[in-house]
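Me: Can we go through this one together? I'll throw short questions at you as they come up.
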There are 2 protein chains.
Amino acid sequence: MNAKSGYLRQVKQSNLSQVLKCIWRMEQVSRIELVEKTGLTSGTITNLTQDLIKVGLLREEELSTGHVGRRRVNLRLNPKRLKMIGIDIGRTSYEVVITDLVGQTLRSTERPLSAADKPEQVLDAVSASLKRITADMGLQPSDLLGAGLSIPGPMNLQEGTLLVPPNFASWEYYPVRRELEARLGMDILMNDDARTSALAERWFGYGRKDPNFVYVTMGQGIGGGIVSDGEVLQGSNGLYGQVGHITVMPDGELCECGNTGCWETVGSIPGILRRWAHGAGAERKTIDDFFAAVKEGEPRAERCLESTLKVMESTLTTLFNVYDPDLLILGGKLYPYLQSYLPRIQNHVKASVYPFFQHRVRIESASFGASQSAVGAASLVFGSLMERPLDVLEALRSDEGEGA
Amino acid sequence: MNAKSGYLRQVKQSNLSQVLKCIWRMEQVSRIELVEKTGLTSGTITNLTQDLIKVGLLREEELSTGHVGRRRVNLRLNPKRLKMIGIDIGRTSYEVVITDLVGQTLRSTERPLSAADKPEQVLDAVSASLKRITADMGLQPSDLLGAGLSIPGPMNLQEGTLLVPPNFASWEYYPVRRELEARLGMDILMNDDARTSALAERWFGYGRKDPNFVYVTMGQGIGGGIVSDGEVLQGSNGLYGQVGHITVMPDGELCECGNTGCWETVGSIPGILRRWAHGAGAERKTIDDFFAAVKEGEPRAERCLESTLKVMESTLTTLFNVYDPDLLILGGKLYPYLQSYLPRIQNHVKASVYPFFQHRVRIESASFGASQSAVGAASLVFGSLMERPLDVLEALRSDEGEGA
């Protein structure tokens, strides 16, 4: 490729990205509005949207305007034609979803995992699940825009290997992306479960209106995805937003990360169960048992819940102070148990931030429930479509045997 | 301006910005290297650099290469011609500096302030100091690239007004930018002292090599400037990086921000003095007295210092976990007293972060000492030159009476 055609390609990539993002943001838009919003000429808009319709990314929707002889045609993302794959591998289960371009889950499969399962076995099972689903749905490679993977961090994103994820010992330094790509015969985008969960909101949830937010996932661990001006921040070592490792208890318990008194040691499921059990021989109980005990009014469980909520409120206040988001979004396996306390949590956080922005404090529940990080994995594909549409479209064409 | 000339202007702005940033980053560079690094044609580079030399932003430096008949000419920022004004208004003093384009302070004036001084009086004094300095130096408006202001936050950057800065009561909701612009007869760029201090590093200090860092200023309060990929993050309410308001002591002292147990209540100068004095009637002592007492081995002062350092180490660890920077930079009026403890602080923080990135933990002292935020105020001007060079150059030309 010479310098000039490289430049023209860049311009086309950037124009396509602008058009797609505009349609994504506004949900539906006419060609005239696209001209106004993007500053591109109407000829360029006509050509680009024609390409996008042809490949199945956009559809036209005719509206009756009531004026004789006038028709108004809006463009929208086409949810019928192209699908995305989202794969979420967690510590206790994996989930595979197929979504459309607007983040609706069309099909999903979830399977339990045990700590004894080796990475190879897990990837074989994931691959088999995916093949079953795509066969059932009659999907061809040319129907698939791509695949994303969500898995516990920290990880090396460049190499696609995991580092030393807590409580996930058999995956240490495992080259998960390469191994999964070999099994599926396609490129995989990946990120950690907190960031993919945040990206699900960024593209299909609250992020359309609010480009600055903090996603907090609470479960076996506590993680965060920080989205600033629509970008999920990675940091210098891929560790931006390790909110579970904010120190909340000076001289507290030793954490997996090597430090003591991290929020995760207090507020994660294991943290709660450990504190509840402390000196009471209740180590083998589950989080269901704990909330049942709270419901029955067991004083030890009530005190443990109260301190869990108090530390959570104080840490969420810290998050407003360090990241200054439009809103906080809460999710993860623990969150459904805490959701009924959300009004109290909101009130306490409001009372703790700077008075002049109390009225702007917003804390919301995650939009995709138990499938949040699987939908988030699919949203990695959507994000690359928005940022580098030409690359995604060329990969799609090469699948169809038309050549790049 | 029609659409086409608007577009051409955008292209020129972006090309100039690329060229200037490349020269800034590499300190000195030949035209051939500029062509390679920017991808612009050699004709464009010749024209743009000619303009920049003519206006006094760049200078040529001839190097002997040892080859007969070959001369190698490097381009550098020209520190001789154009100057920048930095104004820092603090709670106890103000400082005015004149710097060159590489961040060297050529002249500075500092004056004490008392809490009784009204904003109007302070701005009158600032304005008089600045006029005296520029007259002494024989500077004309056409020698000045612009002026920046650093002042305690939080603030409304759009409107240029302060909000409710702690311990700075007479400035609440004061339209400081407009008032200062009226006195100086020029546009003012502003930001809070933690962010300007961070920007001093971004443009003239560590930031040239490390685009991700956290600047922490410790003094009457504790503030932070978070620089991610070279951008200082502002957040939704201008409150990104309020690191002084990380909760470090559950059920701790009430903070100015409305919350309890913030780092600032423990680790700022007033926080240390309060804790040292607690029950000992030492309220009127100063931070000099405190460190003298530490030196003399007074047990209460030693314990207070130890807990100050411990909380600081734990919070700096939290900062590595939430912002994942290349490095932390420490400054502010308290820091000179703590600098001798830096090796210990570094060791404790290293021992507390994830083992796999312990070797990457870096904590450094701020580059500009007591003038950090005044140099930072000047760096606001430098930043706008790098991002929007055409705007800055046009303002300069209109000062010279040549018209925009």
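Me: Is A:Ala395 buried, exposed or partly exposed?
Reply: In this predicted model, A:Ala395 has a relative accessibility of 41% and therefore counts as partly exposed, where buried means under 20% relative accessible area, exposed over 50% and partly exposed in between, with a 1.4 Å probe and protein chains only. Local features need pLDDT of at least 70, side-chain atom pairs count only at pLDDT 80 or more, and totals for chains, interfaces and linings use all residues. Residues are numbered from 1 along each chain as its sequence is written, chains are lettered from A and ligands numbered from 1 in the order written, and side-chain values use heavy atoms, without hydrogens and water.

Me: Which helix is A:Ala395 in?
Reply: A:Ala395 sits in helix H14 of chain A, residues 389-399, helices being DSSP runs (H or I, at least four residues) numbered from the N terminus.

Me: And how far is A:Ala395 from A:Ser142?
Reply: The two are 253 residues apart in sequence, with 9.4 Å between their C-alpha atoms.

Me: Switching to the two chains, what turn lays chain B on chain A?
Reply: A turn of 180 degrees with a shift of 0.0 Å along the axis does it, at an RMSD of 0.0 Å, superposed by least squares on C-alpha atoms of residues with pLDDT of at least 70 in both copies. The copies are thus related as by a two-fold rotation axis.

Me: Which C-alpha of chain B is nearest the axis?
Reply: That of B:Val248, 3.2 Å from the axis.

Terms used
Helix = DSSP H or I, 4+ residues; strand = E, 2+ residues; numbered from the N terminus.
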